[in-house]
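Me: Please take a close look at one part of this model for me, beginning with a single residue and working outwards. I'd like one connected account that I can follow on screen.

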Amino acid sequence: MAGGIGSRFWPYSRAEKPKQFLDFFGTGRSLLQMTVDRFRPLVPIENVLIVTNVIYKDIILSQIPDMQESQILCEPARRNTAPCIAYATAAIRARGIADANIVVAASDHLILGEEKFRQVISSAFDFVAGRDAICTLGMQPTRPEIGYGYIQFNHELPADDAQGIYPVIEFKEKPDLETAKAYLRSGDYLWNSGIFVWSLKTINKAINTYMPEVAEIFKKGEGLIGTNKEKAFIEEYFPQCPNISVDYGIMEKADNVYVMPSSFGWSDLGTWGSLYELSEKDAQQNVSLHSRSLFYESTGNIVTLESGKLAVIQGLEDMIVAEHEGVLLICKKAEEQRIKDFVADFSLLNTNI
């Protein structure tokens, strides 16, 4: 899934080139390229589909040159993750791979333990093969995080003949700090990674059962998806899909959902704060990315400027300093949720100029 606009990383991430297409760590690989590379030993490149907004098609083809144009599924409108997954499911069905096992992943996650990650995915593939079960990966929490959703699970009742996989009791929305601390103490909760594994048969059944309006839309595309008529069909009918996440659309309703508790150095890189936590820090706990910084009486800051620039920072504590393409953001890390408001004001200002 590679269609998001990454507004919480503004101004570094912009609608015309959002975070999944950017090189955050100076490795020469974007988050999307790192995601595709991560799956290459596990899934043949010809079996990889990328669902994105139509405006990002050319970026993807340039960043993943060994993918065919037909592997890029282009959404004409943003409708959240449930229609995105339904489109990909219809495309796999059109390829005639009836016994396909599928992993769904976002293009902007960071995973440090990649070999361990592949082992977990392989185990999940084994679990869902021939079984009517939805498997999601739950990350072992390491702190009382308020930026992630949680999964409550029954760790005393493993799935039949499946070691290390457990029934899901309930999905929980992002909590406040005290609730997150209680989740951490209980040991009954995992971070919701948004990584799903299922068979084609299982996800088809779930879409028909829990999202019949979406299923009806894609039934109209039978015989069209996978042909030269796919583009016209998607342009006409995809915008008619409801704007709904797969969590609301399927996961919170289904009774065959299981979770595999996992730990392989995962982050969804959703915020500047999450990037700060993962980045190398100096003795004063400051982070400098893509540029050089001199810090004086300053602690806990993250600074990123355009390459070749130097920042001199004095007297700042726990701040975000980010500059890109003529926009400078200076914001408290603790209040980074306001960045979406800043983006809206910026857009209005540009409209009125």
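Reply: Happy to! Let's begin at Glu317, which counts as exposed because its relative accessibility is 54%, above the 50% cut-off for that class. Please keep in mind that this is a predicted model. Glu317 lies in the loop that joins strand S14 (310-314) to S15. If you set aside residues up to four places away in sequence, Glu317 touches Thr299 and Asn301. For a sense of scale, pick Phe238 as well: 79 residues separate Glu317 from Phe238 along the chain, and their C-alpha atoms are 46 Å apart.

Now follow the chain from that loop into strand S15, residues 319-324. What surrounds this strand? It is largely enclosed by the rest of the structure, because 6 of its 6 residues are buried. You can check this face by face: Met319, Val321 and Glu323 are on one side, Ile320, Ala322 and His324 are on the other, and all of them are buried. So the exposed Glu317 sits in the loop leading to a strand that is covered on both faces.

Next, the partners of S15. The sheet is open and is built from 4 strands in the order S11-S13-S15-S16, with mixed pairing. Its edges are strand S11 (287-289) and strand S16 (327-332), each of which pairs on one side only. On average, neighbouring strands here are turned by 10° against each other, direction ignored. As a reminder, strands of a sheet pair through backbone hydrogen bonds, and they can do so in a parallel or an antiparallel way.

S15 shows both senses of pairing. With S16 it pairs in the antiparallel sense, over 6 bridges. Two of the residue pairs are easy to find: Met319 has Lys332 of S16 as its bridge partner, and Ile320 has Cys331. S15 and S16 form a hairpin with 2 residues between them, and in that turn Glu325 has a positive phi of about 50°. If you look at backbone torsions, Glu325 is a residue to select. With strand S13 (residues 302-304), on the other hand, S15 pairs in the parallel sense, over 3 bridges. Here Thr304 stands opposite Ala322 of S15.

It helps to set this strand beside another one. In strand S6 (residues 150-153), Tyr150 and Gln152 point one way while Ile151 and Phe153 point the other, and all of these residues are buried. S6 pairs in the antiparallel sense with strand S7 (residues 166-172), over 4 bridges, and Phe153 stands opposite Val168 of S7. S6 also pairs in the antiparallel sense with strand S8 (residues 189-199), over 3 bridges, where Ile151 stands opposite Leu190.

Let's move along to the helices. The axes of helix H3 (residues 81-94) and helix H6 (residues 200-210) come within 11 Å and cross at roughly 130°. That angle makes H3 oblique to H6, and the crossing is left-handed. From H3, the residues involved are Ile85, Ala86, Thr89, Ile92 and Arg93, and they meet Leu200, Ile203, Asn204 and Ile207 of H6. Sorted by class, this contact has 6 nonpolar, 2 polar and 1 charged residues.

While you are at H6, select Asn208, which is found in that helix. Asn208 counts as partly exposed because its relative accessibility is 36%. Apart from its neighbours within four places in sequence, Asn208 is in contact with Ala215 and Lys219. Asn208 is 25 residues away from Tyr183 in sequence, and their C-alpha atoms are 33 Å apart in space.

One more helix pair rounds off the tour. Helix H1 (residues 31-39) and helix H4 (residues 114-128) have axes that come within 10 Å and cross at roughly 60°. H1 and H4 are therefore oblique to each other, and H1 passes H4 in a right-handed crossing. Met34, Asp37, Arg38 and Phe39 of H1 meet Glu114, Phe117 and Arg118 of H4. By class, that contact has 3 nonpolar, no polar and 4 charged residues.

Notes: Residues numbered from 1 in each chain as written. Predicted model: local features only at pLDDT ≥ 70, side-chain atom pairs only at ≥ 80, totals over all residues. Heavy atoms only, no water. Axes fitted to C-alpha atoms, helices over the stretch in contact; angles between N-to-C directions. Parallel < 35°, antiparallel > 145°, perpendicular 65-115°, else oblique. Left-handed = near helix turned anticlockwise from the far one by under 90°. Contact = heavy atoms within 4.5 Å. Nonpolar A, V, L, I, M, F, W, Y, C, P; charged D, E, K, R; others polar. Pairing = 2+ DSSP bridges. Buried < 20%, exposed > 50% of the residue type's maximum accessible area, 1.4 Å probe, protein only.
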